[in-house]
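Visitor: I would like to be walked through this structure step by step, with the reasoning spelled out.
Guide: Gladly; please have a look at it first.

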Amino acid sequence: MKKIKLLFISYIASILLFSGDLFAATFQGKEDIPTTKSTSIILDFFSFDNFEKLFMAILVIIITFVSSKFFSNKIVHYIEKNATEESNREELTWVISRTVSVSVLIIGFSITLGILGIDMGIFMGGIWFGIWFTLKTFLTNFVAGIMMVTQGFYHNGDVISVDGQMGKIRKVNALFTAVEQFNGIVFYIPNITFIEEKVTNYHTNDKRRVEVDILVDYGTDIHKAKQTVQMVIDQFPNILQAPASDVIVDSLADNGILLRARYWTPVTDNYFHTKSNVTETLNLALKKQGISIAYPHLTVTHTNFEKTSS
């Protein structure tokens with residue numbers, strides 16, 4: 001936001017110093033303007049005849065900045081007072097307040113050009129090209145941030161995975177989104193990444209399926225093993241009853257029979273904590289039932305060959 005205001009002030013300063021006949025002479029192809037004539041043009045521009053226009057232009061600039069701040073604060077206050085969805089309030093406030101602030105600056109900028117009698121078509125073309133060239137990265141990330149919030153795909157607190165990294169969204173800013181990993185490290189992702197790249201949001205659905213693999217020996221009673229695993233899953237209150245959990249035989253692996261337990265938990269549940277407790281309880285329950293957990297092993301058979309003499 002500070003960049004936009006600084007750029008805005010720079011353009012207004014340029015208008016006040018080099019507008020009027022000096023711009024007209026330049027656009028008409030008069031490349032070599034004598035120093036005395038240039039000085040005369042500038043002095044004419046700041047003469048008493050143009051003082052009223054100059055005063056009005058400065059007044060519009062002041063009103064523009066004051067109005068931008070005023071309306072932005074009013075909108076923030078209104079949304080904080082009337083928004084019903086707590087999780088989306090902060091993002092909504094940011095998007096609307098920034099949009100209104102920038103819109104007011106653009107309107108004031110256009111009015112100032114009109115007061116100074118500058119050709120809007122020629123001047124605005126150059127201005128917009130300069131803005132886009134200078135702030136291309138800023139604008140793309142700014143618009144991407146607006147799309148993220150207004151489309152409702154991402155909210156503060158959502159657990160996401162992007163480019164091999166997983167974490168929780170802390171805040172969607174103007175240019176970057178702050179994401180905190182589970183080890184406490186915070187990294188920042190440009191907002192355009194959420195539009196152009198593949199991002200997994202684990203909070204889009206209200207529930208999440210979890211899978212736990214158990215490898216048992218080939219001599220194991222499979223029916224008994226499946227019953228034991230199912231009993232363990234059923235004793236956890238935070239595991240959902242619907243969709244129903246199940247235990248399947250996934251494959252006949254090299255070192256044993258691979259069982260896979262599948263269950264659903266609320267997306268708000270602590271995924272890692274619950275999976276750890278289920279795995280630990282499964283290990284104890286299977287040992288209690290005399291069911292061995294398979295592990296990689298190699299069987300070597302030695303054959304004794306008798307040497308024969310010729």
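Visitor: In which helix does Lys224 lie?
Guide: A word of care comes first, for this is a predicted model. The helix in question covers residues 222-234, and Lys224 falls within that range, so to name its place we read off the label of that run, which is helix H9.

Visitor: Is Lys224 buried, partly exposed or exposed?
Guide: The relative accessible area of Lys224 is 32%. A residue is called buried under 20% and exposed over 50%, with partly exposed in between, so Lys224 counts as partly exposed.

Visitor: Leaving aside neighbours within four places in sequence, which residues is Lys224 in contact with?
Guide: One useful clue is that Lys224 and Gln289, although 65 residues apart in sequence, are 8.6 Å apart in space from C-alpha to C-alpha. Contact is judged by heavy atoms within 4.5 Å, and with the sequence neighbours within four places set aside, the partners of Lys224 are Gln289 and Ile291.

Visitor: What span should the 13 residues of H9 have?
Guide: The expected span is 1.5 Å times one less than the number of residues. For H9 the end C-alpha atoms are 18 Å apart, and this agrees with the expected span, which is 18 Å.

Visitor: Which elements are included in what covers the buried residues of H9?
Guide: The buried residues of this helix are Ala225, Thr228, Val229, Gln230, Val232 and Ile233. Looking at what lies over these buried residues of H9, we find a cover that includes three strands and a helix, namely S6, S7, S8 and H10.

Visitor: At the start of H9, which residue has the backbone nitrogen that a side-chain oxygen of Asp221 reaches?
Guide: The side-chain oxygen of Asp221 comes to within 3.2 Å of this backbone nitrogen. A polar contact requires N or O atoms within 3.5 Å, and the residue that supplies the nitrogen is His223.

Visitor: Which strands stand at the edges of the sheet with the order S6-S8-S7?
Guide: This is an open sheet of three strands, and the pairing in it is antiparallel. An edge strand has a single partner strand, so one side of it is left without a neighbour in the sheet, and this holds for S6 (207-216) and S7 (246-252). The twist from one strand to the next averages 30°, and the edge strands asked for are S6 and S7.

Visitor: Which residue in S8 is the bridge partner of Glu211?
Guide: Strand S8, residues 257-266, pairs with S6 in the antiparallel sense over 10 bridges. Helix H10, residues 271-288, lies across S6 and S8 and runs at about 30° to S6. Within S8, the bridge partner of Glu211 is Arg262.

Visitor: Which residue forms a salt bridge with Asp213 and which one with Asp250?
Guide: The salt bridge of Asp213 has its closest N and O atoms 2.7 Å apart, and it links strand S6 to strand S8 across 47 residues of sequence. The salt bridge of Asp250 has its closest N and O atoms 3.3 Å apart, and it links strand S7 to strand S8 across 10 residues. Salt bridges that share partners join Arg209, Glu211, Asp213, Asp250 and Arg260 into one network, and the partner of both Asp213 and Asp250 is Arg260.

Visitor: Does Asp206 count as buried, partly exposed or exposed?
Guide: Asp206 meets Lys207 in a salt bridge at 3.6 Å, N to O, and a search of the whole structure finds seven salt bridges. Lys207, at 26% relative accessibility, counts as partly exposed. Asp206 has 53% relative accessibility, and since the mark for the other class is over 50%, Asp206 counts as exposed.

Visitor: Which residue in S4 is the bridge partner of Ala178?
Guide: Five strands form another open sheet, antiparallel in its pairing, in the order S4-S3-S2-S1-S5. Its edge strands are S4 (186-190) and S5 (199-201), each pairing on one side only. Strand S3, residues 176-180, pairs with S4 over five bridges, and in S4 the bridge partner of Ala178 is Tyr188.

Visitor: What share of the residues in the protein chain is buried?
Guide: The chain holds 10 helices and eight strands. Of its 310 residues, the buried ones make up 35%.

Technical notes:
Residues are numbered from 1 along each chain as its sequence is written. This is a predicted model: local features need pLDDT of at least 70, side-chain atom pairs count only at pLDDT 80 or more; totals for chains, interfaces and linings use all residues. Side-chain values use heavy atoms; hydrogens and water are left out. Helices (H or I, at least four residues) and strands (E, at least two) are DSSP runs, numbered from the N terminus. Buried means under 20% relative accessible area, exposed over 50%, partly exposed in between (1.4 Å probe, protein chains only). Two strands pair if DSSP finds at least two bridges between them. Axes are lines fitted to C-alpha atoms, for helices over the stretch in contact, and angles run from 0 to 180 degrees between N-to-C directions. A polar contact is a pair of N or O atoms within 3.5 Å; within protein, one must be able to donate a hydrogen and the other to accept it, and residues adjacent in sequence count only if both atoms are side-chain atoms. A salt bridge is a side-chain nitrogen of Lys or Arg within 4 Å of a carboxyl oxygen of Asp or Glu.
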